[in-house]
Each structure stands twice: as structure tokens, then as C-alpha cells.
Amino acid sequence: MNLTEADTKAKLIDPVLHQHGWTEDLIRREETERGIEVMDGKPRRRERGRVDYLLRVRVNINSQPVAIALIEAKRSDEPPDKGLEQAKKYARLNNVPFVYSSNGYLFVEYERFTGKTRGPLPLRDFPTPAELRKRYEQGIGFSLESEVSKPLLAPYPGGEASRRYYQDAAIRAALEKIARGEKRLLLYLATGSGKTFIAVHLLKKIADAGQLRRALFVCDRDELRSQGLTAFQNIFGADAAEVTTDNPRKNARILIATYQTLNVAGEDEDAKFFIENYPENYFSHIVIDECHRSAWGKWSIVLRRNPKAVQIGLTATPRSFEGGTEEERGEDEEITANNLEYFGEPVYEYDMAQGIEDGYLPACEIIKRELNLYLTGVSREDIERLGAKDGITGQPVMVAEAREYYEAPSFEDIIQLPDRVKMMCQDLFEMLLQTGGPHQKTVIFCTRDTHADAVATEMDNLYADWCAQNGQKRLEPYAFKCTAAVRGSQYIADLRGSERSHFIATTVDLITTGVDVPILRNVVFFKYVRSPISFQQMMGRGSRIHLPTNKLMFRVYDYTNATRLLGREFKSRPSPTREPKETEDKSKERIIRVEGFDVHINPAGTYIVTEKEGRLAMVTVEEYKQRLAERLTAEAKSLDDFRKLWIDPQKRRELIESLPDDGSGLRLLQELLRRKDYDLYDILVEIGYAMAPKTRAERVGALKYKHGRWIRNLPPKTANTLVALAHQFERGGTEELENPYVFNAPDVVKAGGLEALKVLGEPKDIVNETKRRLFAA
């Protein structure tokens with residue numbers, strides 16, 4: 001008897017686990033959020049998320065169970081080790097050292113502590129909880145009965161439903177390292193994945209175990225401090241307080257502070273506030289938020305004066321990039337190496353690609369645009385031909401006062417090009433109209449304040465014209481500058497919360513990091529970015545799901561080739577992290593304004609953000625198709641094999657999940673290829689087997705024509721019902737045929753419905769035969 005993965009788990013594996021002492025409370029089914037697909041330009045959730053089966057051990061009835069193993073069930077007719085490599089990946093994500101793959105008869109084990117694989121062994125030899133706990137304690141280096149393990153056993157205050165699987169994994173990884181006596185640790189998680197949640201519950205578990213004296217949470221912006229304060233007070237109540245310049249809050253156990261408040265933000269500060277209020281080793285635990293951009297300069301006194309404290313660094317900056325020049329990567333390489341040298345290798349990592357695959361972060365589409373001026377730059381001859389004015393006074397400028405040549409990164413910085421700004425804004429506004437209309441929350445990264453002003457004005461003018469032409473009432477303010485120069489942080493609440501105003505924010509760097517705006521749908525680069533870290537942070541502004549508005553995806557519009565900075569591994573020495581300030585020479589250089597250029601903008605490709613060789617990267621549509629084809633043909637060697645898998649719902653689901661990104665990019669690819677009238681079957685047939693695809697309507701037509709005799713030989717009501725079902729396929733594809741409510745559709749009911757199929761026996765069998773003929777047509 002051949003059993004599916006689910007049946008193997010339920011009928012063969014679970015009974016043996018229970019016999020060996022793995023009771024229900026020790027088996028945790030970690031189901032991820034449903035991944036995100038894009039259909040007809042609109043995102044939607046997949047039918048189900050990934051389910052990881054974790055085995056846990058418990059010290060006593062009141063303690064938090066500790067996950068130590070993951071088991072991957074395969075079909076009963078497959079080799080027991082077939083799922084081992086896939087299971088290793090999920091085990092890393094769940095931070096468990098023991099990995100098992102089984103077909104229900106035999107199992108194979110991989111142990112992270114030793115790096116060894118053993119088996120296959122009979123399932124009756126599967127280890128008991130006591131046996132596996134003993135091996136875990138030996139490998140991890142401490143006993144679960146010891147004092148150091150108490151934080152690991154502390155329950156979540158809101159129960160386990162409050163956390164996501166990777167957050168629990170990150171917390172356990174951190175607590176395991178602390179229990180081994182190590183005091184410095186680094187956690188890397190993508191923007192939007194909940195680093196603050198991890199920090200709060202990590203400290204809460206330590207506090208509940210009686211091992212926290214005082215903790216300091218340090219960030220570098222008021223907005224981050226406010227967000228952190230809310231999160232900590234939700235769990236710690238009055239025990240958490242924000243530090244202000246006039247109140248060090250020494251009566252609270254958890255202090256939330258900015259570098260500025262502590263007088264340690266820059267080399268020119270004296271750290272007086274920090275030194276006077278907090279003696280050496282005042283804190284038992286310190287959390288450095290967004291440590292990838294916190295300068296290893298004056299502020300390091302916070303760490304140096306607390307050498308006995310457990311020091312935790314949080315970062316959203318990956319170590320892997322695949323773009324940019326060596327010069328562009330230089331400072332960021334030093335920043336990352338600095339973190340690694342001080343904190344050590346990350347105890348846990350969770351990147352954006354995994355977050356998208358799991359459905360916790362929105363899908364991302366990158367639209368690249370190319371400007372002719374980017375390729376040619378501006379020469380002195382251009383200025384002589386068109387003339388130039390002083391950007392401040394408007395007075396004419398002598399050609400001799402201009403540079404010999406202005407490259408693209410200097411645009412809107414030391415040379416203003418109004419024609420370029422106008423065309424870029426027109427192009428962006430047109431794309432907003434094509435993808436949902438002008439009222440989409442959008443942030444545009446600009447070069448400097450004057451550029452942000454110009455862009456906001458141009459977007460406002462375009463919006464006013466659109467409203468007049470379409471008889472729409474203007475919702476104002478529409479576009480607004482959000483920079484430090486105008487105290488832009490006061491507008492962030494409107495960008496985040498208002499649905500009737502503040503749609504387009506033009507900024508320089510105020511919204512670059514830390515600001516949480518889940519409703520944001522578009523991230524736009526009008527600014528030339530040289531830092532991979534800065535690019536990741538800017539792009540991360542869009543990487544949050546917003547369920548109230550059904551925001552499950554975001555778009556990146558790249559006008560300055562900023563997306564080249566995705567990729568590339570960092571290897572270098574430590575150095576400061578803050579972006580350098582403008583030099584005196586640069587700030588004194590005259591800013592000129594040149595008008596009259598003929599600006600052209602051309603498409604430069606559409607890309608899919610995915611995981612490539614273990615790194616976050618963007619790939620072309622063609623490259624993604626090739627990756628799909630390789631994986632597809634590895635699972636189904638021939639078109640006949642593929643068709644057989646596709647007809648079976650369970651096998652089709654397993655096939656799709658075996659594709660890159662668990663198949664989440666397949667729907668997006670359908671949109672990018674403009675194949676919305678085609679079933680996913682035909683998209684995969686074209687990609688994997690070089691067959692000409694048919695639209696859903698063409699498939700239904702071919703079924704009637706090629707299999708007309710078979711249909712006519714059926715009882716009339718049965719034949720009419722099958723034709724009606726085929727038309728349901730035409731409307732919604734394969735999944736529509738398998739929808740349990742399909743037999744309630746008026747056309748199907750009118751034709752004869754479910755009863756008409758029962759005339760021939762089991763309705764499922766006749767539907768499957770219809771699907772076989774439909775896809776063979």
C-alpha cells in the first residue's frame with residue numbers, strides 16, 4: 001500500500017512515536033503562515049503553509065517544552081533518506097540538533113553535534129524522549145535540570161500562540177549560548193520579522209528565571225525608542241521605561257534609550273549622562289538594536305563599562321550580497337566584520353527570502369528603469385549648450401565654474417536637473433496608475449532636501465492634474481517631504497495610519513531604518529545608493545504585511561540601479577558604521593541648475609526576489625524559468641509523469657512545494673509572463689517540457705473536440721455536468737475543479753450536479769478521468 005506523506009505520518013510514524021513515549025504534548029506541529037502568490041497582479045495566500053513536526057522534551061509539567069528534533073515524513077514507497085537534506089534546512093530554521101527522515105518503515109538520523117548520519121534503521125528503534133534528551137544535554141553542554149537552563153524552560157507569558165516558529169528558534173539559540181557561559185551573541189533577522197519581539201521575550205524569560213538584574217535596550221532614533229517602549233511595556237508593564245535627558249529612570253528594570261540620550265552618539269560627545277547615572281556593571285543585560293549601523297566609537301563605552309553583562313546584537317543586515325563594486329562594499333564589509341569580531345557568528349539567521357517563502361514577509365517585485373542621462377552623464381559641453389544657473393540664487397553661472405563632467409551620482413546633489421525630475425515623476429505616477437491607482441502609500445528616496453522638495457511638488461502637480469481629468473476630489477496632502485530638516489518624524493504617523501492623506505513621502509534618510517510602516521506598498525529609488533547595508537534597510541521599509549488593506553506584496557521601483565547592491569559576501573576588518581557626513585569641500589561647492597535636457601526612460605527589466613545559493617538575490621524572469629525547469633524535470637522526468645502528478649491534488653501540492661521558493665514565485669511568474677488566462681499546468685508544461693501552452697478556454701474547447709465521442713457516450717446529465725465542470729476550470733483553473741463547493745455552482749447544479757456523476761460510480765473517479773483527458777487534450 002502506497003501512502004502519501006500525510007498518511008505515512010498519521011498511520012505509520014505517529015503510532016510508533018507514541019509507543020516510544022512521544023506523547024501529544026511532546027510533538028509540536030509548527031505550521032508557517034500560508035505563503036504568498038501573485039495572480040492577475042494581485043497577491044493572495046496559498047491554501048496552506050509548511051508544517052514542520054518537532055519533537056520536544058519537558059523537564060516538568062510547568063516548564064516550557066524544548067524542541068530538540070525534527071522529523072520529515074516521506075511517501076511510504078520512497079527511500080527513507082529522500083527527505084533528509086530538506087529536513088536539515090528546516091531543522092536549522094527551527095534550531096534543533098537532531099533530524100529524521102522516514103518512510104514509515106525505516107528512518108535515517110542526522111546529528112548536528114557530530115555532523116554524522118546513521119541509518120537506515122527500523123522505525124521500532126527510534127529513540128525515546130529520555131534517550132534523545134540525554135544526547136541533547138551531552139551535545140549542548142549543560143543539563144536541563146541545571147540553574148543555567150532555567151530561562152530556556154520559562155514559559156511564554158502569552159502562551160506559544162503569540163510567537164512564530166523562527167522567533168522561538170532564535171530565542172532558544174540565544175538562551176543556549178548564554179547557558180554555556182558566553183556573554184556576546186548576534187542575531188540576524190530580516191526587517192519586518194520581529195526582532196523587538198525576540199528581544200522582549202528573551203529578556204522576559206531571563207527575568208522569569210530570576211537571572212535579570214537590569215537591562216538596557218539601545219537604539220538610535222526616537223521612533224525606534226517609542227516602538228521599543230510599547231513592546232516592552234506590553235510584557236513588563238511599569239518595569240520598562242524610556243530614558244530621557246532629564247530622567248535616567250533608575251527605578252525601572254528595563255531601560256529603553258537612544259545613543260543621543262546617553263550622550264554617546266558621536267565622537268564629539270562626552271558620555272557624561274551615561275557615566276554619571278550608570279556605574280560600571282550597572283546592567284546585567286544589554287541589547288543593541290540595529291547594531292549594523294551603530295558606530296564602534298564613543299558609544300562603545302556602553303559595552304566597555306558593562307563587561308560582565310550579557311551583550312546581544314540585533315541586525316537586519318545579511319552577510320551575503322551579489323552586487324556593487326569593491327569600493328561601494330568597503331565600509332559595509334568593515335561594519336559586518338566588526339559585528340562578527342565582537343559578537344561572534346550569528347547564533348540564528350532568518351533572511352528576507354525565507355520570510356517571503358514562509359508567508360511572514362510580503363512578496364517583492366522589482367521594476368528597473370533606465371534613464372539616458374544615467375548612461376551619458378552631463379558634460380561641460382552640455383552646460384555650454386544649455387546654460388546653467390546657480391541652484392540657490394538663480395543667477396547665471398559661467399561655464400568655467402562648472403565641473404568638466406557630472407556623473408549620475410552627483411545628479412540633484414551638486415547639479416539640479418529639473419527635466420530629469422519631471423520625467424522620473426511622470427513615469428512613476430503612470431506606473432502607480434497601472435498598479436492600483438495613485439493612492440498607494442509610497443516612499444521615494446531622494447538625494448537631498450532640495451531634491452525631496454522638487455519630487456514632492458512634481459508628484460502633487462501630477463496628482464492634481466489626474467484628479468481634474470477624472471473628476472476626483474483631491475485627498476491632501478498627497479505628496480509631502482519627510483526629512484529631518486522639516487521635523488519629518490511628525491508626519492510618519494500620518495503616513496502609517498491615514499488612509500485619506502499623506503500618500504507619497506519624499507525623504508533622504510529619515511525613513512531609511514527602523515520606521516515601521518506596514519501599509520507601505522512601494523519603495524522608490526530616485527537616490528543613488530552606494531552602501532549595500534543602506535540599500536537593504538531602505539528596501540526593508542516595504543517588507544511588512546498589512547492585513548487590514550490586504551497588503552501581501554510590495555514593489556521596488558529602481559531608477560538609479562540601486563538593486564545592483566543585492567548579494568556579495570562580506571569579509572574584512574572592523575570599522576565605524578555610520579555613513580560619512582558631507583565634507584566641507586563638497587558642501588561649499590556651488591550647486592548648479594541646468595534645464596533643457598531631452599530625458600528618456602526605458603524599461604530595464606523586471607525581477608523576482610528569491611534565494612540563490614543561500615543568499616537573497618534578484619533573478620531575471622528567464623533565469624527563474626530555468627531554475628523552475630531544472631527542479632520540475634528532476635521531480636517529473638517526462639510530460640506523462642508530470643500529468644499524473646498534476647491530476648492528484650496531494651501529489652500536485654508536493655510537486656509545487658518542491659519548486660523554488662516552495663512554488664511561491666510561480667504565481668508571480670504567471671503575472672510577469674502575462675499568462676493570467678492559462679492554468680499553472682500549461683505554464684509549467686511550457687517551461688519544463690517545451691510544449692506550446694493552451695489557455696484554459698482552449699483546453700476546454702479541445703476537450704469537447706478531441707474527446708467528444710467519450711462525452712457523447714455518457715448519460716446526458718452526466719455529460720452535461722462534466723461540461724459544466726470544465727467551464728468552471730475555464731474560470732478558475734485546476735483548483736476550481738477541486739473546490740468542494742464547485743457542485744453548488746448554478747451551472748453545475750442545472751446540468752445535473754453531483755447526483756449525475758454518481759450514476760457512473762464514485763464522482764472523484766469520473767472527475768479525475770475528466771482531468772486526465774482535459775490535460776491531454
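Reader: Glutamate 111 caught my eye; is it buried or exposed?
Author: First, a heads-up: this is a predicted model, where local features need pLDDT of at least 70 and side-chain atom pairs count only at pLDDT 80 or more, while totals for chains, interfaces and linings use all residues. Numbering starts from 1 along each chain as its sequence is written, and side-chain values use heavy atoms, with hydrogens and water left out. Buried means under 20% relative accessible area, exposed over 50%, and partly exposed in between (1.4 Å probe, protein chains only). Glutamate 111 has 12% relative accessibility, so the verdict is buried.

Reader: Which residue forms a salt bridge with glutamate 111?
Author: Side chains of opposite charge can pair when their charged atoms come close. Here a salt bridge takes a side-chain nitrogen of Lys or Arg within 4 Å of a carboxyl oxygen of Asp or Glu. For glutamate 111, the closest N and O atoms are 2.9 Å apart, and the partner is arginine 135.

Reader: How many residues apart are arginine 135 and glutamate 111?
Author: Helices (H or I, at least four residues) and strands (E, at least two) are DSSP runs, numbered from the N terminus. Arginine 135 sits in helix H3 (residues 129-140) and glutamate 111 in strand E7. The pair links distant parts of the chain, and the separation is 24 residues.

Reader: Which residues are linked in the salt-bridge network that includes Glu111?
Author: A search of the whole structure turns up 37 salt bridges. The network around Glu111 joins up Glu109, Glu111, Arg118 and Arg135.

Reader: Which residue in E7 stands opposite phenylalanine 98?
Author: Two strands pair if DSSP finds at least two bridges between them. Strand E6 (residues 98-102) and strand E7 (residues 106-111) are antiparallel and joined by 5 bridges. Across from phenylalanine 98 in E7 you'll find glutamate 111.

Reader: Which strands stand at the edges of the open sheet?
Author: The sheet has 6 strands with mixed pairing, in the order E1-E4-E5-E6-E7-E8. An edge strand here has a single partner, so one side of it is left without a neighbour in the sheet. That puts two strands at the edges: E1 (27-31) and E8 (116-122).

Reader: What angle does the direction of helix H1 make with that of E5?
Author: Helix H1 (residues 5-19) packs on the sheet, and touches E1, strand E4 (51-57), strand E5 (66-73) and E6. Contact means heavy atoms within 4.5 Å. Axes are lines fitted to C-alpha atoms, for helices over the stretch in contact, with angles from 0 to 180 degrees between N-to-C directions. For H1 and E5, that comes to about 135°.

Reader: Glutamate 242 forms a salt bridge too; with which residue?
Author: Glutamate 242 is partly exposed at 24%, whereas its partner counts as buried at 10% relative accessibility. The closest N and O atoms are 3.3 Å apart, and the partner is arginine 225.

Reader: How many bridges pair E16 with strand E25?
Author: Strand E16 (residues 363-371) is mostly covered, with 8 of its 9 residues buried. Its alanine 363 faces methionine 553 in E25. The two strands, with E25 at residues 553-558, pair in the parallel sense, and the count is 6 bridges.

Reader: Where does lysine 527 sit?
Author: Lysine 527 counts as buried, because its relative accessibility is 13%. Among the residues it touches, not counting those up to four places away in sequence, are Phe445, Asp509 and Thr560. Its place is the loop between strand E24 (522-525) and helix H17 (532-539).
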